[in-house]
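These exercises are to be worked with the sequence and the 3D structure side by side. Try each task before reading its solution.

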Amino acid sequence: MRNSAITLCSTFVNELNEQSVILQGVKRVKLALCNEETQLSLKFLLLLKEIIEWIYLDGDSAKIDIKRKLFLDRVTLDIDYEQPLLNELPIVANNAFEQAKERYNFVMLERRDAYAKELTNLLKDLKAQSDLYSSKVRSLLGNLTRDVLAGILLIGFTMFTKFTEIEKLSRYENIINIIFCGLAIYFTASAITQAIIDTSDLILSRVELNHWCKCTSEVIPKKELKNHIRKTLNPRIIVTIIIYILLMILYALIIFATWNFPSIWNEIFK
């Protein structure tokens, strides 16, 4: 019975050897394992078996740690540190087991409430992240439209309102080159600036999300966190990257067209 009790105890204590055992509960306690006065019964062994089954029943490492901690907390409060563990455990085990079960139900209820709250906050944050990607795409598209319209208005008011005949434009080739090269430089600067600002905003927001996820990992499993991010955010990231690439290609075409517009104009009307 003594060997059976030692074997069963080894499944929930923190450290155990032939001479001593260490319990990490409310206090870190080191005491002897047993002595010549140790008396054990079959009823106590069956109780230890029931306690171990309760601790390891779920197979979830987080729940196992909580149950084991709650039981050892109560044991370290009740036992006499001057006596061996197997002398004291039969006295306190049943009470410690009952209180651990009650406290576990309360702890899990708190964790469920915290889980629901943190999950709600996570989904809100993921929605905000998703909206941020959408807003960056809309912003780039709006700015592209603004740049093109500004270029058209600039050309219209600075050139075509002053020249009534297309043939006369050839006399001002240098001015035309300067205007369109300036437009090309403006489009380039606008595209680069927007890309840098948008990318930095998205990277910063992703860093903040990862930091927040680390803070909530005690309540929500990391695997579940990654799964929510993968299902919610990753599709939006992929769509945003594709649209961004297309818009940047469109910017590149506009830049190429404005930079080479004088030569294109001459080819058309030569």
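**Exercise 1.** Are Trp54 and Tyr104 buried or exposed?

*Solution.* The structure is a predicted model, in which local features need pLDDT of at least 70 and side-chain atom pairs count only at pLDDT 80 or more, while totals for chains, interfaces and linings use all residues. Residues are numbered from 1 along each chain as its sequence is written, and side-chain values use heavy atoms, with hydrogens and water left out.

Step 1. Take the cut-offs: buried means under 20% relative accessible area, exposed means over 50%, and partly exposed lies in between (1.4 Å probe, protein chains only).

Step 2. Apply them: Trp54 is buried, and Tyr104 is buried too.

**Exercise 2.** Find the aromatic pairs and describe how Phe12 and Phe71 are arranged.

*Solution.* Step 1. Rings of Phe, Tyr and Trp (its six-membered ring) pair if their centres lie within 6.5 Å; planes under 30 degrees apart count as stacked, over 60 as edge-to-face, and the rest as tilted.

Step 2. Searching the whole structure gives three aromatic pairs. Phe12 and Phe71 make an edge-to-face pair, with 5.5 Å from centre to centre and 85° between the planes.

Step 3. Place the two residues. Helices (H or I, at least four residues) and strands (E, at least two) are DSSP runs, numbered from the N terminus. Phe12 is in the loop between α1 (2–9) and β1 (15–16), and Phe71 is in helix α3 (residues 61–78), so defined; the pair links distant parts of the chain, 59 residues apart. Both Phe12 and Phe71 are buried.

Step 4. Turn to Trp54 and Tyr104, which also form an edge-to-face pair, at 5.8 Å centre to centre and 80° between the planes. Trp54 belongs to helix α2 (residues 42–56) and Tyr104 to helix α4 (residues 85–160), 50 residues apart.

Step 5. Trp54, Phe97 and Tyr104 make up one aromatic cluster.

**Exercise 3.** Which lysine lies over the face of Tyr104, and which over the face of Phe97?

*Solution.* Step 1. A charge sits over a ring if NZ of Lys or CZ of Arg is within 6 Å of the ring centre and within 35 degrees of the ring normal.

Step 2. Over Tyr104 lies Lys67, 5.0 Å from the ring centre. Over Phe97 lies Lys101, 4.3 Å from the ring centre.

**Exercise 4.** Compare the expected span of α3 with the distance between its end C-alpha atoms.

*Solution.* Step 1. The expected span of a helix is 1.5 Å times one less than its number of residues.

Step 2. Helix α3 has 18 residues, so it should span 26 Å. Its end C-alpha atoms are 26 Å apart, which agrees.

Step 3. List what is buried: the buried residues of α3 include Ile64, Lys67, Leu70, Phe71 and Asp73.

**Exercise 5.** How many disulfides are there?

*Solution.* Step 1. A disulfide is a pair of cysteine sulfur atoms within 2.5 Å.

Step 2. By this rule the count is zero. Cys9 is in no disulfide, and its nearest cysteine sulfur, that of Cys34, is 9.8 Å away. That distance is too far for a bond.

Step 3. Add the accessibility: Cys9 is buried, with a relative accessible area of 0%, whereas Cys34 counts as partly exposed because its relative accessibility is 24%.

**Exercise 6.** Which residues have the most contacts inside the largest nonpolar core?

*Solution.* Step 1. A nonpolar core is a set of buried Ala, Val, Leu, Ile, Met, Phe, Trp, Tyr and Cys residues joined through side-chain atoms within 4.5 Å.

Step 2. The largest such core has 35 residues, and Phe12, Leu23, Phe44, Phe71, Leu86 and Leu89 have the most contacts inside it. At least two residues of this core come from each of α1, β2 (20–24), β3, α2, α3 and α4. Helix α4 gives the largest share, nine residues.

Step 3. A second, separate core of 13 residues includes Phe187, Tyr244, Leu247 and Tyr251.

**Exercise 7.** With what is Val137 in contact, leaving aside its neighbours within four places in sequence?

*Solution.* Step 1. Contact means heavy atoms within 4.5 Å.

Step 2. Val137 lies in helix α4 and is buried, at a relative accessible area of 12%.

Step 3. With those neighbours left aside, Val137 is in contact with Thr240, Ile243, Tyr244 and Leu247. Val137 and Ile241 are 104 residues apart in sequence but 9.1 Å apart in space, C-alpha to C-alpha.
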